[in-house]
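Student: Could we go through this model together before I set anything up? I'd like to start with the surface and then work inward.

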Amino acid sequence: MQKYEELLVSLRKVIRAIDIYSRKLSKETGLTSPQLIVLQEIAAHDGLMVKDIATHINLSSATVTNILDRLEARELVIRERSTQDKRRVGLHLTDLGKQILINAPTPLQAHFIQRFEGLEEWEQSQMLSSMQRIAKMMDAEQIDASPLLQVGQIDKTN
């Protein structure tokens, strides 16, 4: 097998692991990974605004707004306009949203992060550099992506 084939097989294994986790998440909570990430961010910072969530999780405001529309339709999140500044809309979890978070599975990346942080600094830098180069070689540098693992159609409106 050529080295590029071995690399592609490894990438496919990573994608498959993410896909398996995403299906488990969807089955257990009815949420997508991006929806769970947004819920977790709101839980960590009650009253946060869309632009703040977008910045924290490295997604566009439009993507976060789309996710919030879906979460609000499921009554997991509420938007509340500030009484002092009508331009500010804070985000809050509903009781149902809090309950879903309690029952959500542990993130797939938690295991990865633990192992990654156990590596020497030079190994971490080498892995990061290699993955950034792979993303560039695949013309994927500009794809909207959060630091948490997710799969699905490459689409800025997910």
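Student: How much area does the protein expose, and what share do carbon and sulfur atoms supply?
Tutor: The protein exposes about 11000 Å², of which carbon and sulfur atoms supply 54%, with accessible areas taken from the Shrake-Rupley method with a 1.4 Å probe, where for residues only the protein chains shown count as cover. Keep in mind that this is a predicted model, in which local features need pLDDT of at least 70 and side-chain atom pairs count only at pLDDT 80 or more, while totals for chains, interfaces and linings use all residues. Residues are numbered from 1 along each chain as its sequence is written, and side-chain values use heavy atoms, with hydrogens and water left out.

Student: What percentage of the residues count as buried?
Tutor: Of the 158 residues, 28% count as buried, where buried means under 20% relative accessible area, exposed over 50%, and partly exposed in between (1.4 Å probe, protein chains only).

Student: And how many helices and strands are there?
Tutor: There are seven helices and two strands, following the pattern α-α-α-α-β-β-α-α-α along the sequence; helices (H or I, at least four residues) and strands (E, at least two) are DSSP runs, numbered from the N terminus.

Student: Which residues of helix 4 are buried?
Tutor: They are T63, V64, I67, L68 and L71. Seen down the axis of helix 4, these buried residues fall within an arc of 135°, so they line one face of the helix, the arc being that of the directions from the helix axis to the C-beta atoms. The face turned away from that buried side carries the exposed residues A62 and A73.

Student: What do the buried ones pack against?
Tutor: The buried residues of helix 4 pack against helix 2 (33–44), helix 3 (50–57), strand 1 (77–81) and strand 2 (89–93), with contact meaning heavy atoms within 4.5 Å.

Student: Which residues touch the most other members of the largest nonpolar core?
Tutor: In that core of 25 residues, they are L39, L68, L71 and V77; a nonpolar core is a set of buried Ala, Val, Leu, Ile, Met, Phe, Trp, Tyr and Cys residues joined through side-chain atoms within 4.5 Å. Helix 2 gives the largest share of this core, five residues.

Student: What does L39 touch?
Tutor: Not counting residues up to four places away in sequence, L39 touches L31, L71, L76, V77, L93, I100 and L101.

Student: Switching topic, is Q124 buried or exposed?
Tutor: Q124, which lies in helix 7 (residues 121–137), is buried, with a relative accessible area of 16%. Leaving aside its neighbours within four places in sequence, Q124 is in contact with F116, E117 and L119.
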